[in-house]
Amino acid sequence: MRKSLKERLAILSDAAKYDASCASSGTVRRDSSKSGGLGSTEGSGICHAYAPDGRCISLLKILLTNFCIYDCAYCINRSSSNVERARFTPDEVVWLTIEFYRRNYIEGLFLSSGIIRSSDDTMAEMVQVARDLRTKHGFRGYIHLKTIPEASPQLVEEAGLYADRLSLNIELPTDQGLARYAPEKKPAGIRRSMDDLRLKIEEAREPTFTGRKKRFVPGGQSTQMIVGADGASDATILGSSARLYSGYQLKRVYYSAFSPIPDSSRNLPLIKPPLVREHRLYQADWLYRFYGFSIEEITSAREDGMLDLELDPKLAWALANRDRFPVDVNTADRETLLRVPGFGTKTVKSLISARRHRRIRLEDLSRLGVSLKKVRSFIVAEGWSPHRALDRSDLRAAFAPQPEQLSLF
Amino acid sequence: MQTVLLEGRGDFGEWRDAARRLLVDKVLPQHVRWQLRGQAADLFGCPGEPISPNETATVSVSRSFLEAAEAAICHSDPDRFSLLYRILWRLQEERSLLQVTSDPDVSQLMRLIKNVRRDSHKMKAFVRFREVEAVQPDRRRFVAWFEPEHFIVSRTAGFFQRRFTDMDWLIATPKGSAAWNGTSLKTSREPAAKPEGDDATDELWRTYFANIFNPARVKIKAMQSEMPKKYWKNMPEAALIPDLIAGAERRVAEMAAREASQPPAFHERLQAQWRGREGEGFADLAPLERVRQETSLCTRCPLHCNATQAVFGEGPDDARIMFVGEQPGDREDLAGRPFVGPAGSVFDQATEAAGISRAGVYVTNAVKHFKHEMRGKRRIHRRPERPEIEQCRHWLVQELDVIDPKIIVALGATAYFALTGDTAAVEEVRGYPIPLAEGRILFVTTHPSYLLRLPEGIERQTAHRRFQEDLQAVARLAQSV
């Protein structure tokens, strides 16, 4: 018997929950006030709800179908899995998106799919969803499509005309890992698709002779890497990310702690995911993208290429490079201030603006929302010097979390 | 002491008129008491004096203060009026005060603005519309109930108007309401009543919420810091949260305990298809195309892992001249074609000047994958090493076999080594024909990217001239063989 829409929604959202990306930001601003349709994007995305796993729900994240001809070991939808299968028609996805959007549950759609028949057949249906939303329903909300590996460039190009963001998951940081766990996926093919998209995005940004720019994937492209399913170190993972950022100008690399899946492949660990590790990778990625750190700097503190799980990577870096501190908040340049643990980009901006008018004291910093506990060993301020705090051998212990009794269950 | 009586509903105009009057009258901030109507103090008989706006007085104040004040006034903190007046007063002397975010007054102002912004953001996020009977033909109608902390409804209404243009809607809150009917946006500061009703779509939404949650990664604190409990009662999905949390541990344990099952029947069928596909070769392709396809799958050395693609040679398969470069660069790696980057344009100009048509020659590289390292956000070219060149010779030899050129031009030491196995420096072998087996002639010159690396000046000009002369020699050689 055919499953109801609700039953299929349950199956196809459950199947999508392992995908980490959900952001609905970084696209152009647009709204429906003049056009009279539905939807808007205003630069920064909105998280409409939070699940108890701490992750925000911004988009309706579902699969068109969870049938799949690939057999990727880490994926719940792989062909050898006995998970319950279902599929939506494109019209059903369009209906759900519009109705959910009208009730302000979501910012838009994140559509992914298992591969049925061929990559092109599947991709064509996804493109149809995006096209109908835009052209039939005047939908101006956010659309993120997960490109199907090996889909034809023409379909990807058409998808780019309707979608805010396209992504293609690299899944594992090394080609060897991919060959082992996702034998049907071709890493070279994935790289070539990302490359193709980068070139098309660049081409669309060139103004034409009428001076108008074509709207093409304004939110750029992103990818996801699974952490902890294979043996790759953090240095390997971040190195891979750096290559993806620089080679294909990705907007984001998402890290998804490998999550045990029902009916999982025997090849994989059945452990709880290393959520802290995932968090540290995001922090490191942030340092690389916004703070001017190189991957080597971030990962060189430890020999095994792993990030410190107890301390955030910036603090770990500072403790390993104590000779670069203390930094004088009244005179140091922006780059130096950005390297002080506890200072974010906003803090540094306010600091530089405030110190033009008066000398900065420690209590001024706490009014800027800085954690003094974290920052004070690393800075000199008006009336404050850390003296020999940086020479203390127990400085690390002052920051590391207290030992905790482990759960016995 | 002067007392100002205000409604206290986040109305900027009311405060501005009062503040302007006080400022013109030079009333010190510490001499003003800002009183909210209905607040305890005015019951004790110190009524506020009504403020009549002084239309003639002009007070100049920066745009950024006005924007900040308009936001901060929406806060429900009863001290906001006096804080804003104090800052306004100080701004007359300290013009750049707002930039001193460490100042206690300014940081308090920033805190108020941040709270208002956050409340407004939460309204955008957590309002849930329910569909009700339409009142206009062809337009659907929705209502929502929200409980903001501050007086943000009119401030935030524009967002909903821009977003939900093609439907009628009403957002009711205890601190005012907003409604849109397709032509006008009406906002009110009066407390509104909670609309009743149910929406069938809520059930689908709850289904989604329950299933997108991953029980293996419960992080309750992270959830509650972004979605505090005070919002839950008006969100249809929030009622599920306690049960989802309670059941998470059990679901993960059950999952772990379950044995891996036999794959479904269609899995075997699919695997058989994949196995069939792997056997497909390139046997029926033209020779050059066959080598190109095989090269694209090359994993002979680790370089393939970090490059986008193998960059194969380009040109007619009967070309008389074959140019061999070092390896693809950043642009070549992306484009999948040899000599299209900056060095490629140096090469193009030089060949054209020498009377060699690029379309008539075959151009390739000794190493087919881009070798690089990361520096900041850029990919910097790195020289291929001996083992990599030796592994890649496999493909170069096949290209040579198919093209069978009469003249081979090695651009740089890497190409020379790949073609001969000799490690001599370019300068030792450059500029004269070297006979090879099978009647071919080898000619060695520098790589065009070497010219780009030289600093502007005499040295670069000389190198350019010599490169040009080498290519002219190649052109002459091509006519003689």
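Counted over all chains, this structure holds 74 salt bridges. Keep in mind as you look around that the model is predicted. One of those bridges lies within chain A, where the side chains of E297(A) and R339(A) meet with 2.8 Å from N to O. This pair ties together distant parts of the chain, 42 residues apart: E297(A) sits in helix α9 (residues 295-299) of chain A, and R339(A) belongs to the loop between α11 (334-338) and α12 (345-355) of chain A.

Now turn to the place where the two chains meet. Chain B brings 91 residues to the contact and chain A brings 93 residues. The size of an interface is often given as the accessible area lost when the parts come together. Here, chain B and chain A bury about 8,000 Å² between them, with 55% of it on carbon and sulfur atoms. If you would like residues to click on, try R163(B), Y208(B) and R217(B): they supply 10% of the area that chain B buries against chain A, more than any other three residues.

Charged and polar pairs also cross this interface. Side chains of opposite charge can pair when their charged atoms come close. Between chain B and chain A there are ten salt bridges, among them the one that R162(B) forms with E42(A), whose closest N and O atoms are 2.7 Å apart. Polar contacts between the two chains come to 47 residue pairs, both partners being at pLDDT 80 or more. On the side of chain B that touches chain A, helix α7 (residues 201-212) of chain B gives the most, with ten residues. Sorted by class, that side of chain B has 43 nonpolar, 22 polar and 26 charged residues.

Aromatic rings are worth a visit too, with 32 aromatic pairs over all chains. A nice example is F129(B) with F164(B), an edge-to-face pair at 5.3 Å centre to centre and 80° between the planes. Along the chain these two are 35 residues apart: F129(B) is in the loop between α5 (104-126) and β3 (130-132) of chain B, while F164(B) is in the loop between α6 (153-163) and β5 (168-173) of chain B.

Finally, step back to the domains. Chain A is assigned domain 1 (5-206 + 213-220) and domain 2 (323-399), and the centres of these two, taken over C-alpha atoms, are 42 Å apart. Chain B is assigned domain 1 (2-120), domain 2 (127-188), domain 3 (210-253) and domain 4 (298-480). From the centre of domain 1 of chain B to that of domain 4 of chain B, again over C-alpha atoms, the separation is 73 Å.

Technical notes:
Residues numbered from 1 in each chain as written. Chains lettered and ligands numbered in written order. Predicted model: local features only at pLDDT ≥ 70, side-chain atom pairs only at ≥ 80, totals over all residues. Heavy atoms only, no water. Contact = heavy atoms within 4.5 Å. Buried area = accessible area lost by both parts, 1.4 Å probe. Salt bridge = Lys/Arg side-chain N within 4 Å of Asp/Glu carboxyl O. Polar contact = N/O pair within 3.5 Å; in protein donor to acceptor, adjacent residues only side chain to side chain. Helix = DSSP H or I, 4+ residues; strand = E, 2+ residues; numbered from the N terminus. Nonpolar A, V, L, I, M, F, W, Y, C, P; charged D, E, K, R; others polar. Domains from an automatic or database assignment. Phe/Tyr/Trp six-rings, centres within 6.5 Å; stacked < 30°, edge-to-face > 60°.
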